[in-house]
Amino acid sequence: MDDESAQVETAIAGELRLMDPEVRASRERAGELLDPEFVEVGASGRRYTYEQLLAELPDKAGASKDGPVYEPSGMSGVVLAPGLVHVTFEARLGDRRSRHSSLWRRRDEESGWRMYHHHATVVPPGVE
């Protein structure tokens, strides 16, 4: 496996971990995957910073094994520059379908790969 493939695989693995209810329910575990400069534009249109998302993530949908969990599909990634990977995919959470785009960056060996930016858009019923 070449270095670019390994970078993409690592970013996708991080993306999948962030959809795991146990990780979503844990501020500590989720915080290990988010860059301190993280910003998200959620499917609701709301903007979240690192601290805001970590504070609210345990109460969001997908953070409990008893509720709906994220079902991703079509996940792919591309290296934009050394240490920067763009990941895209679709996901279902219950009846809601959404499209996602995230940037994962690796600033150094110690901090590892972390999600730097995330954007989600709800896909209305009937839209392909």
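For the purposes of this account, Ala, Val, Leu, Ile, Met, Phe, Trp, Tyr, Cys and Pro count as nonpolar, Asp, Glu, Lys and Arg as charged, and the others, Gly among them, as polar. The structure described here is a predicted model, and the account begins with its sheet before turning to the helix, the pocket and some single residues.

Six strands make up an open sheet with mixed pairing, and their order across it is β2-β1-β6-β5-β4-β3. Because β2 (47-49) and β3 (70-81) stand at the edges and have a single partner strand each, one side of each of them is left without a neighbour in the sheet. Averaged over the sheet and with direction ignored, neighbouring strands are turned by 15° against each other.

Starting from the edge formed by β2, the reader can follow the pairings across the sheet. Strand β1 (residues 34-41) runs antiparallel to β2 and is joined to it by three bridges; within this pairing, Val 39 has Thr 49 as its bridge partner in β2, while Glu 40 is matched with Tyr 48 in β2. The two strands form a hairpin with five residues between them, in which Gly 45 takes a positive phi near 95°. On its other side, β1 is joined to β6 by four bridges, and here the strands run parallel. Val 39 takes part in this pairing too, with His 117 as its bridge partner in β6. In general, strands of a sheet pair through backbone hydrogen bonds, either parallel or antiparallel.

The remaining pairings lead towards β3. Strands β5 and β6 run antiparallel and are joined by ten bridges, with Ser 102 standing opposite His 118 in β6. The hairpin of β5 and β6 has six residues between the strands, and Gly 112 takes a positive phi near 70° there. Ten bridges likewise join β4 to β5, which run antiparallel, and Val 85 stands opposite Trp 104 in β5; this hairpin has two residues between its strands, with Gly 94 in the turn showing a positive phi of about 65°. Finally, β3 and β4 pair in the antiparallel sense over nine bridges, and Val 78 stands opposite His 86 in β4. Their hairpin has two residues between the strands, and Gly 83 takes a positive phi near 80° in it.

Helix α1 (residues 3-18) lies across β1, β3, β4 (84-93), β5 (96-106) and β6 (113-123), and it runs at about 145° to β3. Gln 7 is a residue of this helix, and its surroundings can be given in detail. Since buried means under 20% relative accessible area, Gln 7 counts as buried at its 10% relative accessibility. When residues up to four places away in sequence are not counted, Gln 7 touches Val 79, Ala 81, Pro 82, Gly 83, Leu 84, Val 85 and Trp 113; Gly 83, one of these contacts, is the residue with the positive phi in the hairpin of β3 and β4.

The largest pocket holds about 420 Å³ of space. Of the 23 residues that line this pocket, Arg 24, Glu 40, Lys 60, Tyr 70 and His 118 are the closest to its centre. At least two residues of the lining come from each of α1, β1, β4, β5 and β6. By the classes set out at the start, the lining divides into 14 nonpolar, four polar and five charged residues. Two of the residues closest to the centre have already appeared in the sheet: Glu 40, whose bridge partner in β2 is Tyr 48, and His 118, which stands opposite Ser 102.

Two loop residues complete the picture. Ala 43 is placed in the loop between β1 and β2 and is partly exposed, with a relative accessible area of 26%. Its C-alpha atom is 7.3 Å from that of His 119, although 76 residues separate the two in sequence, and, leaving aside neighbours within four places, Ala 43 is in contact with Arg 96, Ala 120, Thr 121 and Val 122. Lys 65, in the loop between α4 (50-56) and β3, is exposed at a relative accessible area of 59%. The C-alpha atoms of Lys 65 and Pro 21 are separated by 5.9 Å, with the residues 44 apart along the chain; beyond its neighbours within four places in sequence, Lys 65 is in contact with Pro 21 and Glu 22.

Notes. Residues numbered from 1 in each chain as written. Predicted model: local features only at pLDDT ≥ 70, side-chain atom pairs only at ≥ 80, totals over all residues. Heavy atoms only, no water. Pairing = 2+ DSSP bridges. Axes fitted to C-alpha atoms, helices over the stretch in contact; angles between N-to-C directions. Contact = heavy atoms within 4.5 Å. 1 Å grid on protein atoms, 1.4 Å probe; cavity = no way out; pocket = protein on both sides within 12 Å on 5 of 7 lines; lining within 4 Å. Points joined across faces, edges and corners; volume = space filled by probe spheres on them. Buried < 20%, exposed > 50% of the residue type's maximum accessible area, 1.4 Å probe, protein only.
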